[in-house]
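Welcome, and please open your viewer. We will go from stop to stop, selecting a few residues each time and looking at what is there.

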Amino acid sequence: MSLLIKNGTIVNDDAMFKSDVLVHDGKIVEIAPSIDPTPGLEVVDATDRFVIPGGIDPHTHMQLPFMGEVAKDDFHRGTEAAVAGGTTMIIDFVIPTKGESLLVAYDRWRGWADPKVVCDYGLSMAITSWGPEIAKEMEMVTKADYGINSFKFFLAYAGVFMVRDEEFYQGMLQCAKLRALARVHAENGAVIAERCEHLLSSGITGPEGHTQSRPEELEAEATFRACTMASQANCPLYVVHVMSKGAAAAIAHHRKKGAVVFGEPIAAGLATDGSHYYNEDWLHAARYVMSPPLSRDPSTPNALMKLLAAGELHLTATDNCTFDCHQKSLGKDDFTKIPNGVNGVEDRMSVVWDKGVHAGIIDPMKFVAVTSTMAAKIFNCYPQKGRIAVGSDADIVIWNANATRTISKDTHHHAIDFNIFEGMQVHGVPETTICRGRIVWADGQLRTVQGAGRFVPLPPDSQIVFSAVDNRGKALEPVKVERAPYVATTLEAPDANANIVVKTRSAVPPGGISSIQF
């Protein structure tokens with residue numbers, strides 16, 4: 001199949017220029033100021049439009065079994081929502097149950113995803129328990145046959161996903177050895193569990209209890225702790241869903257000391273805040289329950305966008321994990337039973353454009369970087385993904401910066417009956433989405449084929465992640481001081497009629513330890 005995009009302005013993370021784009025067999029084969037159409041070419045007019053790399057959402061949870069429920073967006077509906085919003089690749093998470101083989105869980109996720117996805121996808125692996133067998137399987141899944149190059153550790157969800165600090169540290173040592181990226185959900189799970197018990201015993205059972213059980217100071221503390229341990233392990237770290245200023249400040253602190261740390265804010269945190277948890281409508285409040293919770297500080301969304309602009313945070317995602325109103329209502333008498341998760345995969349691109357580019361905080365090139373290119377580089381599929389260039393996959397979006405749309409549950413493509421961005425008017429609309437050279441979204445309509453997406457193996461040793469690690473490791477090597485044999489003093493026990501006698505001896509006396517006299 002061949003496709004010609006005419007008269008658009010190409011935007012990459014480092015340049016903008018007017019040019020035509022020719023696509024053949026799923027690849028970009030030519031970029032030139034003017035390409036003449038030939039018979040059989042499908043022509044897409046991109047006049048007054050931007051031609052950008054398809055979005056990459058590096059953090060989704062499609063059809064995740066969680067808290068006794070299964071997320072409503074499966075790999076079919078979830079990826080349809082993605083392409084409708086201009087995202088052409090997701091990275092989902094294999095999450096084994098505690099004690100389960102990584103290989104068994106991996107096969108289950110592939111079995112769910114491969115027959116359903118309408119766009120390309122990759123996988124990251126969660127580590128929910130630890131031991132020699134897990135370490136061995138981590139090595140196995142980084143091979144080309146499996147294509148995993150990142151591992152996620154939860155410092156929250158005690159008794160379900162959470163690992164202890166020493167397990168997290170051992171896991172990061174293994175990640176560093178394998179040249180795989182460690183990712184962390186940073187909250188203080190032990191304290192959260194105690195706070196939940198206290199709040200419930202105090203009669204606080206509604207969604208407001210969720211945010212009070214997880215104050216953002218606990219996210220900041222856990223983020224600082226995770227970064228500190230990563231530095232000790234000399235392991236690059238990726239902090240998922242950075243929701244608060246304190247967590248972002250912890251990342252900046254460690255980066256200023258030379259640590260390799262990446263921060264990922266999500267669409268929800270860039271456009272909404274924690275005031276929703278105190279809404280008098282219980283169901284309205286419950287819809288926003290996620291972990292970490294939305295910041296209680298209404299200035300946080302704008303602050304996070306500015307940190308993206310400054311390079312203190314690095315890319316955007318969604319943590320898309322959707323539960324409908326019925327599922328949320330299962331926690332009506334106990335906020336700890338409200339399934340955690342919100343939507344975002346369809347609206348991320350427009351939210352970031354509206355809150356970033358339209359607001360004058362970032363430019364279109366930075367938009368491409370934080371919605372696509374940086375993810376492609378970190379997860380080692382660049383320039384196959386994340387760039388408009390000859391030889392790259394033809395994952396392309398025709399973006400209308402001047403158009404607006406109003407987000408609504410009535411028009412979105414998620415499998416849930418609400419949208420946390422309901423009623424928000426956003427500037428920036430994906431008019432056409434192209435996956436591997438095939439138009440899958442145009443004129444407000446999906447043109448998808450279930451199962452047409454491909455699994456993208458993600459090799460380890462990403463250069464943007466690991467290029468500084470070896471030299472940093474040399475600087476962190478233990479230091480041994482060479483010294484002369486130690487000569488110590490000891491007290492000889494005196495008899496009743498004698499004065500205390502002080503003798504000297506070498507650290508290891510000639511006759512051995514037994515010859516020491518006391």
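Which residues of α13 are buried? Select R348, M349, S350, V351, V352, W353, D354, G356 and V357: these are the buried residues of α13. Keep in mind as you look that this is a predicted model. The helix runs over residues 348-358, and because 9 of its 11 residues are buried, α13 is largely enclosed by the rest of the structure. Now step past the end of the helix to G360, which follows α13 and has a positive phi, near 80 degrees.

**The whole chain**

Zoom out and show the protein chain as a cartoon. You should find 16 helices and 20 strands. Along its principal axes, the C-alpha trace spans about 115 × 55 × 45 Å. The chain has 518 residues, and 58% of them are buried. Many contacts reach across the sequence: of those between residues at least 6 apart, 76% join residues at least 24 apart.

**The annotated domain**

Next, color residues 50-440. An unreviewed UniProt entry places the feature "domain: Amidohydrolase-related" here. Helix makes up 38% of this span and strand 18%. Pick the C-alpha atoms at its two ends, and you will find them 18 Å apart.

**Helix α1**

Now select residues 75-84, which form helix α1. How many of its residues are buried? The count is 9 of 10, so α1 is mostly covered. The buried ones are F75, H76, G78, T79, E80, A81, A82, V83 and A84. To see what covers them, display β9 (87-94), α2 (102-113), β16 (425-435), β17 (438-442) and β18 (445-446), against which the buried residues of α1 pack.

**A pair of helices**

Move on to helix α3, residues 132-141, and helix α4, residues 165-178. Turn the view until both axes are visible. The two helices pack at an angle of about 30 degrees, with their axes 10 Å apart. Angles under 35 degrees count as roughly parallel, and α3 and α4 are therefore roughly parallel to each other. Their crossing is right-handed. Show side chains for A135, M138 and E139 of α3, together with G171, Q174, C175 and L178 of α4, which make the contact. By class, this contact has 4 nonpolar, 2 polar and 1 charged residues.

**K152**

Select K152 in strand β11, residues 150-154. The annotation "modified residue: N6-carboxylysine", from an unreviewed UniProt entry, covers K152. Is K152 buried or exposed? K152 counts as buried, because its relative accessibility is 1% and the cut-off for buried is under 20%. Which residues does K152 touch, leaving aside neighbours within four places in sequence? Show H59, H61, F93, M125, A126, I127, R183, H185 and V240, and you have its contacts.

**S244**

For the last stop, select S244, in the loop between β13 (237-239) and α8 (245-256). S244 is buried, with a relative accessible area of 1%. Beyond its neighbours within four places in sequence, S244 is in contact with E216, E219, T300 and L304. Finally, draw a C-alpha to C-alpha distance from S244 to G311: the two are 67 residues apart in sequence and 16 Å apart in space.

Methods
Residues numbered from 1 in each chain as written. Predicted model: local features only at pLDDT ≥ 70, side-chain atom pairs only at ≥ 80, totals over all residues. Heavy atoms only, no water. Buried < 20%, exposed > 50% of the residue type's maximum accessible area, 1.4 Å probe, protein only. Helix = DSSP H or I, 4+ residues; strand = E, 2+ residues; numbered from the N terminus. UniProt positions renumbered as here; feature names shortened; annotations may be inferred. Axes fitted to C-alpha atoms, helices over the stretch in contact; angles between N-to-C directions. Parallel < 35°, antiparallel > 145°, perpendicular 65-115°, else oblique. Left-handed = near helix turned anticlockwise from the far one by under 90°. Contact = heavy atoms within 4.5 Å. Nonpolar A, V, L, I, M, F, W, Y, C, P; charged D, E, K, R; others polar.
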